[in-house]
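This report goes through a structure step by step, from single residues to whole chains. Please keep the sequence and the 3D view at hand while reading.

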Amino acid sequence: MSLGSRTAMWFRALVRPSDGEREMQREFAVHLAMEQQRLEDAGMPADEARRQARIAFGGVERHKESVRDERGLRFLDDTSMDVRVAIRSLRRRPAFSGGVIATLAIGIGATTAVFSWANWLLLRPVPGITAPADLVPFVSDLGVSFPDFVTVQRSAPILRNMIAHADWPIQIGRADAPARSLSGDVVAGNYFGVLGVTPTRGRFFAPTETQSDVDARVVIISDALWRSHFGATADIVGRRVVINAATFTVIGVASPAFRGTDRIRPVDVWLPVSAYAVLRHSPGLSAADPKVRLLDEIIVRVGGRDGAAAALAALRRAMGALPIPEGGEGYVENPPTINGVLGTPTRGYDRKVENVRLMFGIVGLVLLIACGNTANLLLLRSVRRRGEFAVRRALGASAGRVLQQHLVEGVLLAALGGCAGIGLSVLLGHLFAGITGYGLPQFDRIPLDWRVIGFAATLTLTTGLMYSLAPGLMALRRDGLTHLRTAGRGGYRAAPRVRSALTALQVGASVTLVIGAVLLARSVGRLHRVPLGFDAAGVTTFNIYTDPQGYSAARLHPLRVEAIGWMAHQRGIVAAASASAIPFGNSYELVDLRTLGSTGKNWPVTVIANGVSPDYFKAMGIAVLAGRTFAAAEFDDSTSDAVVLSQSAARTLFGPANPIGARIERRIYRGTVPLTVVGVVSDTRATSLRGGAKVTAYMPWTESNKFGTTLVVRSSLAPAQVQRLVSEELGQFDPSLPVSPMESLTQSVNRSIAPERLFGRLLGVLAVIAGLLSAVGLYSVVAYSVMERTREIGVRVALGARETRIVAMILRQGAHMAVAGVLVGVAGAYALSHVLSGMLFGVAPTDPSTYVTAAIVALAVCAGACAIPARAATKINPVEALRSE
Amino acid sequence: MAGSDVLQGTLDLLVLKSLSLEPMHGWGISQRIRQLSADALQIGQGSLYPALYRLEKKGLIKGGWRTTEHNREAKYYALTAAGTRALGAEVDDWRRFATAVELIINAYG
């Protein structure tokens, strides 16, 4: 029979097992009927004939078995029987099965979730690019101007395949509807050609279009934008779009996989460098100006192993030789460096990458605990069932069959645990999204790809085989008779030390996790108690980013005045104000201050310059300590010299002296501007709850005031209502103006400690799980040994040992593992203390009281876990224990 | 089981031989073996079937449902070409084996 048809038969037998069976049944029935007929014809009565026919035929079931053997379906039948038996036996002990499945699900789920992340963030190349391994990214702190880029590119053959680009937030839209904020990328050089990306529609930039001195208003859009914004229209090429209030022509659509070279920030629109002046609404500015160092990152396609080093050397040589513009800095002091691996977040995301690694370590611990635990549970169970297996061996089951039964159970458990684990990993993925990548919207779109599924499947099968083989092989080690004789007594002395060590390690790993969780929880508690200097409750904020729409300061200010004036009169709104920077916001401008008349280069105070409307302090709940805040007239007067200082700024500048009415000056580019202090307000936390408060100077007018504005609304309304009010009002002012989604100030503050909060929560959950798992592990080991020693305990009780002695004996055994585990855990936590130190606040990573608390809790849980088998030991009836031999 | 036990392996030969005359169903084969051996060989009727499935799997015989002369549906087995060849080889083997046994039995008179 060919392999194909055999497989087909197997398959048929598997999906429709009744088919071959039915034919066999029918054939047997025909046979019996014919034999009966023959006997009846010979004069036998019908009943007797039927009986004799059956006797002549022999055992119907036995023959069926033989036929199945011949048909080669034995294995399948056995397996499906094993599966049925396994399901029955798993259902008979729901606590055990549930425990193992949950344990595996947690281990596999956590590992899969973290693997998906790490895979996406650290391992997978940026999609849509040809041979990404040959692309080397470089950055310099200065950035690179387009003319310098061209000079460097031509300086060496190895730099010929050099491109550069810069992130550029843009707004795309029509004149009559709010624009959409998108992520743009300004590109230089043969960008798409070097990356090896092809257009699915239209074309990419021609060499003439990527010069700085042309006015090529052409863009290439991503496939995603083509679908979401343009409805995947076929005539997209040649379509005109409004970007930053200027009109561009779409010339091509990139392949669907390609979203730029930075995986954290997928690009929607690519623009040539020549678009720079248009995007900035500044005809005076040009990418042709060597002072405009607009390009952030250089990417070179190199060949060979040492290509990256050779390119770096060539790049440093060429950039070091560039002329330094007047008043600027050179590349000798700010040399370009290799910017990690292309697409791997390095700049500014180090912390998040670190967190992914940290989570890898944590889930690794959990997985270890889960594995050890499952092994212990299955071992305990196989010991409980050794009588059953002995009977099966004695009744003639082959060793292979007994082992197969073990395997099937193990794999079934692992499969159930694996399925539950994959489900769990989706949930955990959302949790991890919050931990590692808040503010990175793509992170919750990370797909569970086939590699991750494969990873989970491998993990599941391996654990299943591992767990079921070890106890299965032990069950095989003795022949059936010895089994029957020794059932109930010792015999499984296999590696008790290994098991104890495993349990101690489990306890240790959970103690480490508990210590980490407690440290983080205490840090978060302390962070929440840090005084903010403002009252966040009830405050909602919105960003209106008017710069891309080409708003001049003269045009933005009336909008600001009108919006806050209108809002202040709405029912439910207590106060409304505008600001150029808010605490825990995204950006701020720093300025240097000193008392007027100081000389030299000494600027004692660097403050956040915040251009605010008069009601800002009321809206934010910032206490006015001395003097006054701004008057409405000052807000409308861009030449006003009034300034309100935060308390520590005033103290640094004036010490104990009264600062009201004092004159100070702020540094601007090649000059100073005089200011008059009119008030002092309390310090506020600006960006972080950690470290010192950033000092602030409030002015009616600052440089950053002209890019956009943040509206601050204190109200008793629900945030969604405030959002609707603001959107409607601003829509009347300028329908094309996009308004950011509102955020409550409490959210902004919490977001700044989101990693700590979520990590703390995750560690807490994992620590509890790990603790429970270890408790179950300890329980199973001690319970196992109690069963092993049933006879011994029976003898002791018979000889008059008291209950307390028995309990103490059992507890002592558990205590060894528990104490060893706690010591390992404390040592582990101490050794790993530096890992968490970056996240802790107000509590030392080696805080003794935390360590002691965790150790006491762990010992108490361990005592509880041992108490159950210890109690069981006291219940042993000596008569039964001795008779059971 | 009455009569002498059929040697393992010879059952295949007997089945093939009884099918060499004409296609037959399971019960018919058991009857034919009994008749041809003058009741000396009586096969445990059920144990015939594993042999039939084994031979069918090897491709030596081929089964199909047909109506008997008594108007009953029964599964008939027929020799295939490979089965005919196998029968020849099995018969030769058996003869050699039987001769060898005969020689040994006769050796000491």
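Does A:R628 count as buried, partly exposed or exposed, and at what relative accessibility? A:R628 counts as partly exposed, at 39% relative accessibility. The model is a predicted one, and every value in this report is computed from it.

## Salt bridges within chain A

A:R628 has a salt-bridge partner, A:E634, and the closest N and O atoms of the two are 3.0 Å apart. A:E634 counts as buried, with a relative accessibility of 14%. The cut-off for the buried class is under 20% relative accessible area. A:E634 is therefore in the buried class at 14%, and A:R628 is outside that class because its value is 39%.

A second pair is made by A:D535 and A:R714, with 3.6 Å between the closest N and O atoms. This salt bridge links distant parts of the chain, since the two residues are 179 residues apart. A:D535 lies in the loop between α17 (496–529) and β11 (539–545) of chain A, while A:R714 is in strand β20 (residues 708–715) of chain A. A:D535 is partly exposed, with a relative accessible area of 38%, whereas A:R714 counts as buried at 13%.

A third pair joins A:R789 to A:E792, where the closest N and O atoms are 3.1 Å apart. Of this pair, A:E792 counts as partly exposed, at 30% relative accessibility.

The table lists these pairs together with one that crosses between the chains.

| Salt bridge | Closest N and O atoms |
|---|---|
| A:E634 and A:R628 | 3.0 Å |
| A:R789 and A:E792 | 3.1 Å |
| A:R26 and B:E73 | 3.5 Å |
| A:D535 and A:R714 | 3.6 Å |

Over all chains, a search of the whole structure finds 20 salt bridges.

## A buried arginine

Where in chain A is A:R560 placed? A:R560 is in helix α18 (residues 553–568) of chain A. Its relative accessibility is 1%, so A:R560 counts as buried. The side chain of A:R560 makes a polar contact with the side chain of A:T709, at 3.2 Å. Apart from neighbours within four places in sequence, the residues in contact with A:R560 are A:S578, A:F635, A:W701, A:N705, A:G708 and A:T709. A:T709 is thus on the list of contacts and is also the partner in the polar contact.

## Where the chains meet

The next part concerns the contact between chain A and chain B. The size of an interface is often given as the accessible area lost when the parts come together. Here the buried area is about 2,100 Å², and carbon and sulfur atoms give 59% of that area. On the side of chain A, the residues that lose the most area to chain B are A:E27, A:M34 and A:E70, which together make up 31% of what that side buries.

How many residues does each chain give to the contact? Chain A gives 21 residues and chain B gives 22 residues.

Between chain A and chain B the count is 2 salt bridges. A:R26 forms a salt bridge with B:E73. A network of salt bridges links A:E23, B:E56 and B:K75. In addition, 9 residue pairs are found in polar contact across the interface, with both residues at pLDDT 80 or more. On the side of chain A that touches chain B, the elements that give two or more residues are α2 (18–41), α3 (46–57) and α4 (60–71) of chain A. Among these, α2(A) gives the most, with 12 residues. Sorted by class, that side of chain A has 9 nonpolar, 5 polar and 7 charged residues.

## The two chains as wholes

Chain A has 29 helices and 21 strands. Of its 885 residues, 50% count as buried. The accessible surface of chain A is about 39,500 Å², and 59% of this belongs to carbon and sulfur atoms. Among contacts in chain A with a separation of 6 or more, 80% are between residues 24 or more positions apart.

Chain B has 4 helices and 3 strands, which follow the pattern α-β-α-α-β-β-α along the sequence. Chain B has 109 residues, of which 39% count as buried. Its accessible surface comes to about 6,300 Å², with 56% belonging to carbon and sulfur atoms. Among contacts in chain B between residues at least 6 apart in sequence, 48% join residues at least 24 apart.

Technical notes: Residues numbered from 1 in each chain as written. Chains lettered and ligands numbered in written order. Predicted model: local features only at pLDDT ≥ 70, side-chain atom pairs only at ≥ 80, totals over all residues. Heavy atoms only, no water. Contact = heavy atoms within 4.5 Å. Buried area = accessible area lost by both parts, 1.4 Å probe. Salt bridge = Lys/Arg side-chain N within 4 Å of Asp/Glu carboxyl O. Polar contact = N/O pair within 3.5 Å; in protein donor to acceptor, adjacent residues only side chain to side chain. Nonpolar A, V, L, I, M, F, W, Y, C, P; charged D, E, K, R; others polar. Buried < 20%, exposed > 50% of the residue type's maximum accessible area, 1.4 Å probe, protein only. Areas by Shrake-Rupley, 256 points an atom, 1.4 Å probe, with all protein chains shown as cover.
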